Amino acid sequence: MSLAMQKKLILDSNLLRITVDRLCQQLIENHDDFEDTVILGMQPRGIFLAEMIHLQLEKTVKTKIDLGKLDTTFYRDDFRRRDAPVLANATEVSFIIENKKVILIDDVLYTGRSVRAAMDAMMAFGRPNKVELAVLVNRKYTRHLPIEPDYTGIDVNTLDTQKVLVELEAQGHKKNKIWLINKEEK
């Protein structure tokens, strides 16, 4: 009995560009000039989407928007339950978020536990006025916590046996592609 990997392409480079454009337009509609708004990309993979969105927003609104990288490793509820120690990523937040609107960005929303950890980690930088969540892929029917995104690139119905694989050029891949991977017994 062997495991065969099945991959289904859910976003290619062109659809990803259109999706990011749409996310940026929604953010502009709600944040106008971004005067009191900051962006936090969740380490390790959400930072790539955050950087894409940040770059496009600054070009479009022609203003500087604070961008930070937030690591949640030590705030996760499963941190001490793992067999092997988890290596932390860098947190780079060079600004205070006190009374700011924070757009928290991650690539995939799965159980909601990483987002909960990110909200705890954010408090080290002040108490935000409002927190919004933007995700590229919202995995439906997999939530462990009552967390839903404010901005979604694409909703995907998934099973626990499936995984969303995000391959971005910024991560060293040849092309931007988002896959749904299903492991099936044969």
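**Close-up 1. Lysine 64 and aspartate 66 meet through their side chains in a salt bridge, with 3.3 Å from N to O.** The model shown here and in the other views is a predicted one. The two partners differ in how they are classed by accessibility: lysine 64 counts as exposed, at 66% relative accessibility, whereas aspartate 66 is partly exposed, its relative accessible area being 27%. This pair belongs to a wider set, since a search of the whole structure finds eight salt bridges.

**Close-up 2. Glutamate 92 and lysine 69 form a salt bridge between their side chains, at 3.9 Å from N to O.** The pair links distant parts of the chain, 23 residues apart: lysine 69 lies in strand E3 (66-70), while glutamate 92 is in the loop between strand E3 and strand E4 (101-109). Both side chains belong to partly exposed residues, with a relative accessible area of 44% for glutamate 92 and of 22% for lysine 69. Because a residue counts as buried under 20% relative accessible area, lysine 69, at 22%, is classed as partly exposed and not as buried.

**Close-up 3. Aspartate 120 and arginine 116 are joined by a salt bridge in which the closest N and O atoms are 2.5 Å apart.** Both residues sit in helix H3 (residues 113-122), and because they are four residues apart there, about one helical turn separates aspartate 120 from arginine 116. Aspartate 120 counts as partly exposed, at 38% relative accessibility, and arginine 116 is likewise partly exposed, with a relative accessible area of 23%.

**Close-up 4. Glu51, Lys69 and Glu92 are joined into one network by salt bridges that share partners.** The bridge between the side chains of glutamate 92 and lysine 69, at 3.9 Å from N to O, is the one already described in the second view. In general, side chains of opposite charge can pair when their charged atoms come close.

**Close-up 5. A patch of negative charge on the surface gathers Asp32, Asp33, Glu35 and Asp36.** One of these residues, aspartate 33, is found in the loop between helix H1 (13-31) and strand E2 (37-42). Aspartate 33 is partly exposed, having a relative accessible area of 38%. Because patches are made of residues with over 30% relative accessible area and no salt bridge, the 38% of aspartate 33 meets the accessibility cut-off for a place in the patch.

Methods: Residues numbered from 1 in each chain as written. Predicted model: local features only at pLDDT ≥ 70, side-chain atom pairs only at ≥ 80, totals over all residues. Heavy atoms only, no water. Salt bridge = Lys/Arg side-chain N within 4 Å of Asp/Glu carboxyl O. Buried < 20%, exposed > 50% of the residue type's maximum accessible area, 1.4 Å probe, protein only. Helix = DSSP H or I, 4+ residues; strand = E, 2+ residues; numbered from the N terminus. Patch = residues over 30% accessible without salt bridge, like charges linked within 9 Å, V, L, I, M, F, W, Y side chains within 5 Å. Areas by Shrake-Rupley, 256 points an atom, 1.4 Å probe, with all protein chains shown as cover. Lys, Arg positive; Asp, Glu negative; His and termini not counted. Charge placed at Lys NZ, Arg CZ, Asp CG, Glu CD.
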